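User: I would like to go through the terms used for this model and see what each one rests on. Please set the values against the cut-offs.

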Amino acid sequence: MKNIWIKVKERLQPFIRFFSNKKVQRQARITYQVTWNLFLIMIIVMILGFAFAGGVGAGYFASLVKDEKIRSYESMKKDIYNYEETSTLYFANNVYLGKLRSDLEREEVSIDEVSKHLINAVIATEDEYFYEHDGVVPKAILRALFQEFTNSSVRTGGSTLTQQLIKNQILTNEVSFERKAKEILLALRLEKFFDKDEILEAYLNVATFGRNSSGRNIAGVQSAAKGIFGVDAKDLNLPQAAFIAGLPQSPFGYTPFTNKGELKENLEPGLNRMKTVLKRMYEAGYITKEEYESALNYDIVSDFIPPKENPTEKYPWLTAEIESRATEILALILAEKDGYTKEEVKENDKLYEKYLTLADRDLRQNGYEIHTTIHKDIYDKMQEVKDAYTNYGPDVKVQKNGETVVEPVQIGAILIENTTGRIISFVGGRDFSIEQLNHATQGRRSNGSTMKPLLVYAPALELGAATPGTIIPDTEMSIRAGNGEIWKPNNYTGSYYGLVSARYALAKSYNVPAAKIYLDIKQYRPVEYLAKMGFTSLTDVDYTTTAIALGSITNGVTVEENVNAYATFANGGQFVDAYLIEKIIDKNGNVVYQHESQPVNVFSPQTAYLTIDMMRDVLKYGTAASVPRMLKFSADWAGKTGTSQNFHDAWFVATNPNVTFGTWIGYDTPRSLKAAGYENYSIRNLKIWAQLINAAYDIEPELIAPKSRFKMPGGIVRRSYCAVSGLLPSEACSKAGLVETDIFNAKFVPNKVDNSLINGFYVTIDGKKYVALESTPPEFTEPGLMLNPEFIAEITGGRLDDLEQLIPDNPKWEKILIPEAIFKDDGKNPAPVQAKVSGKIISWTKSASKDVIGYRIYSKAGQKVASVKSSEPLRISLPDGEYMVKAVDVAGKESSPSNIVQIGSIPNNPSENPTDPPNEEQPPSNSGNNNGGNNGDTSSPAEGNNGNGNKEETEQPPSNSDNTNKKDPDQ
């Protein structure tokens, strides 16, 4: 070893001598100093370079964010939580209906209502250092910048959850350094203002998650959990949470559903993403190995829910109606916040349109809860009944925009609670895919005779111009309209019914009496009553025309408005506006709208009750008398049918102490509802009305069928009146049996004694009654009462040509005559008759003369043995003998005798000679009704009577065999 060292030393000796040289040492020192200085200079340059680069970078960063204003806590809070949230709809009593139609469905949820698995999955996947960083991760930013500058194919991203929240809520998705710089700055600031859970909660509500099982775009974990798995976010299991957490990276790539709500054929991208999320959760320590492996083997596909029917699909008319009404309410709220009054907005179309647009956006973005008055079970049941009903009538083909389309008979119906105005249910139409118009709330049509109680009878009762016992001549009339045309209202049968009471005219829906009453009150502008009762489309023409009394309204009326107006009577004369939106609550739980009813006084309680009582008769013996038989329950109903011009519309509206319900049927393109082979259209409408209200009764019997009846208010009295004049009964009226009794407003009871009748005698010719002439034989006359000419002049104004129209076709009026009912003598003797014998009975032919009032039977000797009126059977039973018959006319002239006929054997009595003068002692005449059983006429037709002196009309419309040729009872 020593030898080796000696050898090494010997070899190094030259180098030692070299470096020991002072010259070499001096040069070495110089070289070292130069090198060291160069190194120091390089270090300094590098430091300066980095400082310069940093300064440049900082300056560039500052230039990128120079326009970004410093945001306050309040400003950032507003922006972060200002995400679109779908408004939620509810039936009455807080029963969930669904989400409002929107481009993006989102439902807010607090972080404590989110599954812990989902929170861990999101953090492990999107931001593993979420709870450590201050809004940004520098390493991640540098890595992202390096990848950007090197154009690397691998991009890991550098955004934290905080940055993503900033990008989604404050900035945009623009790809630029400026946006990224602002994102970093705002993320740092956001972390100073909010704690981690607030930031995470906002992110969970903001992130998009593809589509739900109905094909709708969704955002927020609550909508994702419900829309994909049918559970709340708090109830997600581990595999479900991992699947949802993986969606934000590529929402529409990983979502399992198509835009039609169908399950994708290739689910691998989403399933692989779920496995990636599970792996990261395992690596981060959020789950155990056993949980990880179990989740990998979980059949997540079986948890995907089938498509759910969208509320706009299941309840199209309802959701559209809620949306429309809620938008109108919010528009006025927004306008009032800007200092406008309701009246100012409604009167300015442009301004109103502006706030409707703002309200529509507000409604779709701000997560309101909209609570309605609609009773879910009743609504659902009514739709079932409507769909199952098969008796609407035939579909028709019409031309629209150059195309032939098929139109069915449509229906509109609405059920309203009287005292509150709550719309409990409605039927918007037959098929939303065919016609989107809501026929209950939007369609406007003529309301036909349902207008009469609203515009004619109730206003007339209120003004004292009519009472239930007021007598109106249902006779021919004509009115010159404002355009110069002559309007001649007529009844559905084309006939006139004479002197009828207002009560009876309403029950039978006679048009002429309604028109005449309206003419009497028109000067008082009764249309103003309609305005008070919610008719919103009235025109100036409606205030001047008379035809509106029969429902001819310019712009029509909705079913809702018509039915709502009828509830006024049930409310004792107060109009309570119908409503569907109960309240609106914002996403912070504040009630921004609460409906408050504001009753409007329209009629006195006495008028309201009298109208109700008159309309009860519509269902007793009037045009809706068949309805009670169709119902499965009993209630105190009062209502009115209606038919518009040319049979285009059929209505029925009825009210009871709790609710008012009405239906309308008709074609969208107006045309006659009459159809061969179908039931009368009025009956078709009454039947669907009954079936719908029966369905409501099945659900809420106490609401639909109250046990109580309408209460009579004070100020109502019962009085008798003469059915001829409506005045206090006279002796003549009582003698004629034409005294009726009804209820009256105590302020407007009859206070004059009837003077309508005077005594007289009449004869009957061809079934008609005529005033007897002075020469008319008394044996052929009947005592009766005659209409006083002064009374006739008063009620007709001298404008009626045929006064026979005044006499109703009713047995009670058989002996009532009119002065002009005189059959003039033609100056000729009546034509003779032919007689024959059958056993003990002589019969004869009817005389060909038109003025014959009776027949006299003489013995062969010329002795008068009997008289028979022309209105009685032309036969008589007599004892054995020979007889002849002579016809007698109204002037008392006789015809030549008939042939002589013989009854039985003739006794040989020489004293009997046909040339002898007649015996002064004649047998009693067989006049009047003293025929007993001898003439064989023992029966007479029984006519029903309504107690008003008028023959009853049967409620049933014409049968199917001829219903196209008869007119409707409501036109």
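Analyst: The turns below take up confidence, one helix, aromatic pairs and charges over rings. This is a predicted model, in which local features need pLDDT of at least 70 and side-chain atom pairs count only at pLDDT 80 or more, while totals for chains, interfaces and linings use all residues. Residues are numbered from 1 along each chain as its sequence is written, and side-chain values use heavy atoms, with hydrogens and water left out.

User: What is the mean pLDDT of the protein chain, and where is the pLDDT below 50?

Analyst: pLDDT is the predictor's confidence in each residue, from 0 to 100. The mean for the protein chain is 84, and 80% of its residues reach 70 or more. Over residues 51-68 the pLDDT is below 50, and this stretch has 12 contacts (heavy atoms within 4.5 Å) beyond near neighbours in sequence.

User: Which residues of helix 29 are buried, and why are they said to line one face?

Analyst: Helix 29 covers residues 789-796, and Phe791, Ile792 and Thr796 are buried there. Buried means under 20% relative accessible area, exposed over 50%, and partly exposed in between (1.4 Å probe, protein chains only). Seen down the axis of helix 29, the buried residues fall within an arc of 110°, so they line one face; the arc is taken from the directions from the helix axis to the C-beta atoms. Glu790 and Glu794, on the other side of helix 29, are exposed. The buried residues pack against strand 14 (498-501) and strand 26 (782-787). Helices (H or I, at least four residues) and strands (E, at least two) are DSSP runs, numbered from the N terminus.

User: What makes Phe229 and Phe243 an edge-to-face pair?

Analyst: Rings of Phe, Tyr and Trp (its six-membered ring) pair if their centres lie within 6.5 Å; planes under 30 degrees apart count as stacked, over 60 as edge-to-face and the rest as tilted. For Phe229 and Phe243 the centres are 6.1 Å apart and the planes 80° apart, so the pair meets both conditions. Phe229 lies in helix 9 (residues 221-229) and Phe243 in helix 10 (residues 238-246), so the pair ties together parts that are 14 residues apart in sequence. Both Phe229 and Phe243 are buried.

User: How do you know that Lys196 lies over the face of Phe130?

Analyst: A charge sits over a ring if NZ of Lys or CZ of Arg is within 6 Å of the ring centre and within 35 degrees of the ring normal. Lys196 is at 4.6 Å from the ring centre of Phe130. Likewise, the charged end of Lys886 sits over the ring of Tyr858, 4.9 Å from its centre.
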